[in-house]
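Me: I'd like to go through this fold with you, starting from one residue and working outwards. Can you pull it up?

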Amino acid sequence: MSDLFRDVSPEDADLQPIIDGLFGEYAARYGDYFSKDAEIELTEWYLAPQGLFIVLERDGEIIATGAYKPFDEQTAEIKRIWTNKTLRQQGLAARVVQELERRAVLAGYSGIYLTTGFRQPEAVKLYLSQGYAPQFDLERDPEEYSQPPFDGRLRFTKTLVREAFSKTA
């Protein structure tokens, strides 16, 4: 059976173990580093028309996830990129990012913003491979971004070009 994208609510019961696992992975990498300024998340941020939460399913099983919410009127912020541990390094996260970009253009966004943590080199590699511009020095040791005046977040931006998404697949 082929892979299928499906829109979901961030409160979907099937999604909760995955989100819990994702935050567990963050805790394993960072301990309580980010708990001092934990994000407040509202479900409605991830609902159409301004937001989106998608899952990629294979044979009815969720194998990857991703979302965006509004960052500002022209920019969507990508969040919750996750891939099943047994299926990593197969391009699934890139497919999720590409689908989020396509859908963001359809929703009227012209740019993407995202952050990843200083201990996620695989995420940095993913976003660079997808044409995202780092808003930090790639030559610097990422651990330096965990010290003041930095907040541990590595920021990326990308301009979305509507024409790039107008071709039929």
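Me: Leaving aside neighbours within four places in sequence, which residues is Tyr127 in contact with?
Reply: Quick caveat: this is a predicted model, where local features need pLDDT of at least 70 and side-chain atom pairs count only at pLDDT 80 or more, while totals for chains, interfaces and linings use all residues. Residues are numbered from 1 along each chain as its sequence is written, and side-chain values use heavy atoms, with hydrogens and water left out. Contact here means heavy atoms within 4.5 Å. On that basis, Tyr127 touches Ile81, Val97, Leu114, Thr116, Tyr132 and Phe156.

Me: Which element gives the largest share of the largest nonpolar core?
Reply: A nonpolar core is a set of buried Ala, Val, Leu, Ile, Met, Phe, Trp, Tyr and Cys residues joined through side-chain atoms within 4.5 Å, and buried means under 20% relative accessible area, with exposed over 50% and partly exposed in between (1.4 Å probe, protein chains only). This core has 34 residues, and Tyr127 is among those touching the most other members, along with Ile78, Ile81, Leu100, Tyr132 and Phe156. Elements giving two or more residues include strand S4 (75–83), helix H2 (92–106) and helix H3 (121–129); helices (H or I, at least four residues) and strands (E, at least two) are DSSP runs, numbered from the N terminus. The largest share, eight residues, comes from H2.

Me: And in S7, what is the bridge partner of Thr115?
Reply: Two strands pair if DSSP finds at least two bridges between them. S5 and S7 do so in the antiparallel sense, over seven bridges. S6 (residues 133–134) also pairs with S7 in the antiparallel sense, over two bridges, with Ala133 facing Thr157 as its bridge partner. For Thr115, the partner in S7 is Arg155.

Me: How many residues apart are Arg95 and Asp3?
Reply: They form a salt bridge, with the closest N and O atoms 2.8 Å apart; the term means a side-chain nitrogen of Lys or Arg within 4 Å of a carboxyl oxygen of Asp or Glu. Arg95 sits in helix H2 and Asp3 in strand S1 (residues 3–7), so the pair links distant parts of the chain by the DSSP numbering. The separation is 92 residues.

Me: Arg119 is in a salt bridge too, so which residue is its partner?
Reply: The closest N and O atoms of this pair are 2.9 Å apart. Arg119 lies in the loop between S5 and H3, and its partner lies in the loop between S6 and S7. Arg119 is partly exposed at 34% relative accessibility, and the partner is partly exposed at 33%. That partner is Glu143.
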